[in-house]
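Here's a quick tour of what surrounds the bound molecules in this model. Keep the viewer open while you read.

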Amino acid sequence: MKKPVKVAITGAAGQIAYSLIFRIASGSMLGPDQPVILQLLDIPDSLEKLKGTVMEIDDCAFPLVSGVVATADPMEAFDGTDYALLVGARPRGPGMERKDLLTANGAIFVPQGKALAAKASRDVKVLVVGNPANTNALIAASAAKSLDPKQFTAMVRLDHNRAISQLATKTGVSGNDIDKIIIWGNHSSTQYPDITSTTVAGKPAKSLVDQQWIESDFIPTVQQRGAAIIKARGLSSAASAASAAVDHMRDWALGTNGKWVSMGIPSDGSYGIKPGVVYGYPVTCKDGKYEIVQGLPIDAFSRARMDATDAELREERAAIEDLLA
Ligand code: NAD
Ligand code: LMR
């Protein structure tokens with residue numbers, strides 16, 4: 001067995017965390033030989049509920065759980081943390097866009113970014129799940145002065161997984177047969193799910209589906225999937241969001257073996273997206289680091305969509321400029 005690592009989860013009394021904590025505790029994220037100390041953060045009003053979750057963690061007698069901390073103090077929750085999953089934030093309801101949460105949720109990420117900078121491991125990997133995830137990641141990174149902004153990422157993996165599932169169903173293969181799918185930009189309805197480079201069991205996806213399906217079915221279905229789930233469930237996605245968070249962190253920590261995944265990361269000018277936003281890019285991960293897949297041809301159809309989602313991210317940034325350090 002390896003030495004335990006510390007995993008912080010915020011919003012730990014909430015619905016995503018109720019799935020996420022148990023997946024992490026059972027080894028799905030960091031592997032079956034990696035013990036974890038769970039550092040669970042929620043607000044004071046939710047601590048009683050969190051107590052119940054902690055009792056359930058205890059009752060699972062997970063061999064990999066070396067300790068559990070439950071607290072309302074970010075300084076305690078992020079003390080020495082190696083992995084931080086920032087889930088705690090208000091979810092949207094029916095008829096809202098995720099950016100409508102900007103004012104309510106943005107402010108959460110300033111103190112959390114500061115606490116991470118003060119207390120977390122210098123190598124901490126941060127994943128922001130709380131919406132609007134890309135801009136919240138920007139806020140947290142900006143507040144965490146002593147950490148590298150590249151340590152702050154936002155979750156577009158749920159969109160990536162949704163895109164795989166839609167294409168797999170359409171082409172009659174398993175999701176495992178699909179590679180090189182991309183979510184560009186924002187985790188919002190402007191995101192651009194792109195199958196230009198995608199392969200399905202080794203064949204180009206574009207040779208198997210027509211442009212009409214891509215434009216009128218695939219792209220809008222992936223863009224609107226969160227809203228469709230809210231409509232059906234009366235609550236936003238939880239188990240699939242937790243599963244995507246596990247996938248994102250596992251791949252970042254343990255590597256993708258050459259497969260492409262989509263991560264929201266600080267833009268660096270790649271593909272014409274100027275620095276200043278957290279943007280969904282295709283990446284590969286190796287040795288605990290991610291790298292943008294470079295050199296892809298971008299046609300006019302893709303360019304327009306990549307720029308539209310970039311413009312939305314810059315509008316979100318302008319709306320919270322006062323929160324950026
Ligand atoms: P939830 O309401 O069930 O749980 C949120 C929890 O966060 C609550 O327990 C609340 O007390 C806690 N919280 C609020 N402020 C906090 C703070 N400052 N510090 C710590 N905890 C705090 O919500 P949920 O369904 O678990 O969703 C959480 C967030 O994740 C929402 O913003 C939702 O929109 C977002 N989400 C993102 C994705 C994605 O793909 N990026 C997917 C699904 C949901
Ligand atoms: C999702 O994509 O399911 C989440 O971001 C929740 C939402 O508000 O759509």
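## Ligand 1 and its shell

The shell around ligand 1 takes at least three residues from each of domain 1 (5–154) and domain 2 (156–321); the domain bounds come from an automatic or database domain assignment. This is a predicted model, where local features need pLDDT of at least 70, side-chain atom pairs count only at pLDDT 80 or more, and totals for chains, interfaces and linings use all residues. Residues are numbered from 1 along each chain as its sequence is written, chains are lettered from A and ligands numbered from 1 in the order in which they are written, and side-chain values use heavy atoms, with hydrogens and water left out.

There are 25 residues around ligand 1, and Gln 15, Asp 42, Arg 90, Val 129 and Asn 131 come nearest ("around" means that a heavy atom of the residue lies within 4 Å). Sorted by class, the shell has 12 nonpolar, 11 polar and 2 charged residues. Here Ala, Val, Leu, Ile, Met, Phe, Trp, Tyr, Cys and Pro count as nonpolar, Asp, Glu, Lys and Arg as charged, and the others, Gly among them, as polar.

## Polar contacts to ligand 1

Which atoms of Ile 16 come in at 3.0 Å from an oxygen atom of ligand 1? That's a backbone N or O atom. Gln 112 uses a polar side-chain atom, 3.1 Å from a nitrogen atom of ligand 1. For His 187, a side-chain N or O atom is 3.1 Å from an oxygen atom of ligand 1. On its own, ligand 1 exposes 870 Å², and the protein buries 86% of that (areas by the Shrake-Rupley method with a 1.4 Å probe).

## Ligand 2

Ligand 2 has its own set of neighbours, including Arg 92, Asn 131, Leu 158, Gly 226 and Ser 237. Oxygen atoms of ligand 2 lie 2.8 Å from a polar side-chain atom of Arg 98, 2.7 Å from one of Arg 162 and 2.6 Å from one of His 187. The protein covers 94% of the 260 Å² of accessible area that ligand 2 has alone.

His 187 turns up in both stories: its side chain has a polar atom 3.1 Å from an oxygen of ligand 1 and one 2.6 Å from an oxygen of ligand 2. Asn 131 is also among the residues around ligand 2, and it is one of those that come nearest to ligand 1.

Conventions: Polar contact = N/O pair within 3.5 Å; in protein donor to acceptor, adjacent residues only side chain to side chain.
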